[in-house]
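Q: Hi! I'm in my first year and would like a close look at a single part of this structure. Could you pick a strand in the middle of things and walk me through what surrounds that part?

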Amino acid sequence: MAFGANGGMDIKMDIINMTNISKLYKTGVIQVDALKNINFKVVNGEFVSIMGPSGSGKSTLLNLVGCLDKPSGGSYELAGHKVEKLTDSKMSEIRNEFLGFVFQNFHLLPNLSAQKNVEIPLIYRGLNAKARKELSEKSLELVGLKDRMHHLPSQLSGGQQQRVAIARALAGSPALILADEPTGALDSKTGNKIMELFTELNENSGITIVQVTHEEDIAAYGSRILRLVDGEIVSDAETNRRKNG
Ligand SMILES: Nc1ncnc2c1ncn2[C@@H]1O[C@H](COP(=O)(O)OP(=O)(O)OP(=O)(O)O)[C@@H](O)[C@H]1O
Ligand SMILES: [Mg+2]
């Protein structure tokens with residue numbers, strides 16, 4: 001099974017194309033301009049790290065990219081689909097087929113085994129039990145956890161739980177992985193292992209990755225770093241990894 005819809009394909013296309021995106025939160029009398037006039041494009045095959053101080057809008061941006069929230073203004077095309085024109089059901093369909101999410105605190109269901117957790121997005125895809133079992137096993141094998149398939153999250157280390165969460169994100173062969181502080185809950189050694197896995201998925205399977213992190217050394221695994229301050233992009237540059245490679 002090929003992981004990543006773009007594996008081996010050289011054709012470059014915009015997976016993410018945001019033009020003048022803004023996000024305004026209103027809470028009572030307080031208004032927060034969480035994002036202002038964001039122009040953000042990602043071509044397939046990139047590995048982008050989003051950095052910035054706490055409250056600068058990183059998670060807000062990632063949530064908009066993942067269609068978990070709607071912008072207040074601007075336009076957004078995800079893999080050529082104008083997001084503002086999509087119905088909710090078409091939007092969930094695209095999210096299901098296209099995106100894999102990895103969160104800081106793993107978001108695993110505590111009463112389900114690693115394998116059953118990985119199967120969750122495949123249930124939404126309408127796959128039968130046999131197909132789900134096969135794909136979840138392959139996905140757990142890829143993150144090096146085949147021998148822990150039947151363990152509950154509480155029986156796994158933090159790094160292993162994050163790998164289960166990554167396996168869950170991968171199970172449906174997403175073209176794009178979105179990760180919000182994927183190493184935030186891990187020690188630095190385990191965090192680096194997760195980044196090596198991301199690098200492998202990006203380079204060998206062609207999966208596009210956008211991750212949020214506040215750690216420079218974690219961000220440096222990306223091919224490009226986007227920096228936000230107060231809801232605005234203050235820099236957007238390729239890293240040495242891409243320049244050298
Ligand atoms: N649901 C919400 N309602 C109102 N304001 C919000 C909401 N979510 C975020 N904000 C505000 O928007 C701004 C950006 O928040 P966001 O969560 O994107 O920051 P962040 O860069 O991810 O920060 P951190 O590094 O702390 O996770 C903050 O000032 C925050 O208070
Ligand atoms: Mg955040």
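A: Here is a walk around one strand, β8, and then outward to the parts connected with that strand.

Keep in mind that this is a predicted model. Strand β8 covers residues 208–212, and five of its five residues are buried, so β8 is largely enclosed by the rest of the structure. Here "buried" has a plain cut-off: 20 or more other C-beta atoms lie within 10 Å of the residue's own.

Now look at the two sides. In a regular strand the side chains alternate between the two faces of the sheet. You can follow that here: Thr 208, Val 210 and Val 212 are on one side of β8, while Ile 209 and Gln 211 are on the other. Both faces are covered, as the residues on either side are all buried.

Next come the partners of β8. Strands of a sheet pair through backbone hydrogen bonds, either parallel or antiparallel. With strand β7 (residues 176–180), β8 runs parallel, and five bridges join the two. To find the spot on screen, go to Leu 178, whose bridge partner in β8 is Val 210. The chain also links these strands through a helix: β7, helix α6 (residues 188–205) and β8 make a right-handed β-α-β unit.

Strand β3 (residues 47–51) pairs with β8 too, in the parallel sense, over four bridges. A handy landmark is Ser 49, which has Gln 211 as its bridge partner in β8. β3 is itself largely enclosed by the rest of the structure, because five of its five residues are buried. Phe 47, Ser 49 and Met 51 cover one side of β3, with Val 48 and Ile 50 on the other.

Keep going from β3 and you meet strand β9 (residues 224–229), which is joined to β3 by four bridges and runs parallel to it. Ser 49 is useful again here, as Ile 225 stands opposite it in β9.

So what do these strands have to do with the nonpolar core? The largest nonpolar core has 60 residues, and Val 210, Leu 178, Ile 177 and Ile 50 are among those with the most contacts inside it. Leu 61 and Ala 167 belong to that group as well. Helix α5 (residues 158–170) gives the most to this core, with six residues. Try clicking on Ile 177: leaving aside neighbours within four places in sequence, Ile 177 is in contact with Gly 100, Val 102, Ala 169, Ile 207 and Ile 209. Ile 209 is one of the buried residues of β8, which brings you back to the strand where the walk began.

For contrast, glance at another sheet. Four strands form an open sheet in the order β2-β1-β4-β5, and there the pairing is antiparallel. β2 and β5 (81–82) stand at the edges with a single partner strand each, so one side of each is left without a neighbour in the sheet. Inside that sheet, β1 and β4 (residues 73–78) are joined by five bridges. One pair to look for is Ile 16 with its bridge partner Leu 78 in β4.

Note on methods
Residues numbered from 1 in each chain as written. Chains lettered and ligands numbered in written order. Predicted model: local features only at pLDDT ≥ 70, side-chain atom pairs only at ≥ 80, totals over all residues. Pairing = 2+ DSSP bridges. Core = buried A, V, L, I, M, F, W, Y, C linked by C-beta atoms within 7 Å. Buried ≥ 20, exposed ≤ 12 C-beta atoms within 10 Å, placed from the backbone. Contact = placed C-beta atoms within 7 Å. Right-handed = clockwise from strand over helix to strand, strands pointing away.
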